[in-house]
Amino acid sequence: MLDIRVKRSIVFITGTDTGAGKTILTALLAAFLREKGANVAALKPICSGGRGDALLLRKALKNALPLDEINPWHFREPIAPLLAARRERKKISLADVVAHARRTSKKFPIVLVEGAGGLLSPLGENFDSRDLIKVLGAIPIIVSPNRLGAINQTLLTLDALPKPLAQRAKIVLNSVDSANAARVGNLKLLGEFVGHNRIHILPHLTQPNDLEGSLQNENVRRTFRKLAADFV
């Protein structure tokens with residue numbers, strides 16, 4: 001059983017690129033923590049091109065938060081949120097997003113915040129996920145598809161973070177398919193650069209949106225036990 005009373009945490013889930021698996025990771029982590037008795041919130045503050053990601057987080061939370069609190073800023077076009085907001089003549093400020101996350105953290109000891117796109121993808125006027133991580137003092141989790149190119153993309157993302165945050169960052173290699181020649185080599189080689197204890201493997205999921213079914217997989221549960229122990 002996790003000791004969920006230890007401390008309050010804001011955890012920021014970013015990715016090496018769009019489509020890396022941030023939402024699945026965030027939803028499964030939220031569902032796992034809830035199952036363990038944690039009072040956890042999961043936010044996708046900004047999204048564009050539909051609210052499917054936010055709806056999955058609401059499902060993971062068993063409707064503990066309204067959709068508009070999980071996802072206050074959303075835009076129609078499936079493009080970078082900054083561009084989508086401009087096309088609707090709207091603006092998102094860093095201060096507003098930070099204030100929303102901090103309000104949520106007053107009600108929930110653990111707050112998971114999912115970014116949009118990669119670490120440096122522009123989210124609003126003059127800010128990106130890196131800025132949010134810095135201002136919130138969040139623990140970064142970097143999700144990378146476990147395939148050829150993962151080492152370069154992960155190291156670039158770590159290098160873009162300020163050193164103290166990069167040293168705190170956890171890495172999740174997302175097994176995007178069931179057979180990939182690069183998968184085992186990525187884990188071993190990346191561990192030489194960042195330390196094996198910081199790297200976690202999300203097994204291949206045939207039905208990733210089936211949160212309860214995925215969490216019945218013992219390999220998945222083992223991953224989340226190790227990952228969650230880093231911040232609860």
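I started just past helix 2 and found Lys 62, whose phi is positive, near 55°. Helices here are DSSP runs of H or I with at least four residues, strands are E runs of at least two, and both are numbered from the N terminus. A note to self: this is a predicted model, where local features need pLDDT of at least 70, side-chain atom pairs count only at pLDDT 80 or more, and totals for chains, interfaces and linings use all residues. Residues are numbered from 1 along each chain as its sequence is written, and side-chain values use heavy atoms, without hydrogens and water.

Next I looked at helix 2 itself (residues 52-60): which residues are buried? I got Ala 54, Leu 56, Leu 57 and Ala 60, with buried meaning under 20% relative accessible area for a 1.4 Å probe, protein chains only. They sit on the same side of helix 2, because they cover an arc of only 160° around the axis, taken from the directions from the helix axis to the C-beta atoms. Their packing partners include helix 1 (22-35), strand 2 and helix 10 (211-214), where contact is heavy atoms within 4.5 Å.

Strand 2 led me to the sheet. I found 6 strands in an open, parallel sheet, ordered 2-5-1-8-9-10; two strands pair if DSSP finds at least two bridges between them. Strand 2 (40-43) and strand 10 (199-202) are the edges, each pairing on one side only.

I then checked the strand 10 edge. Strand 9 (residues 170-174) pairs with strand 10 over 4 parallel bridges, and Ile 171 has Ile 199 as its bridge partner there.

Definitions and conventions. Buried < 20%, exposed > 50% of the residue type's maximum accessible area, 1.4 Å probe, protein only.
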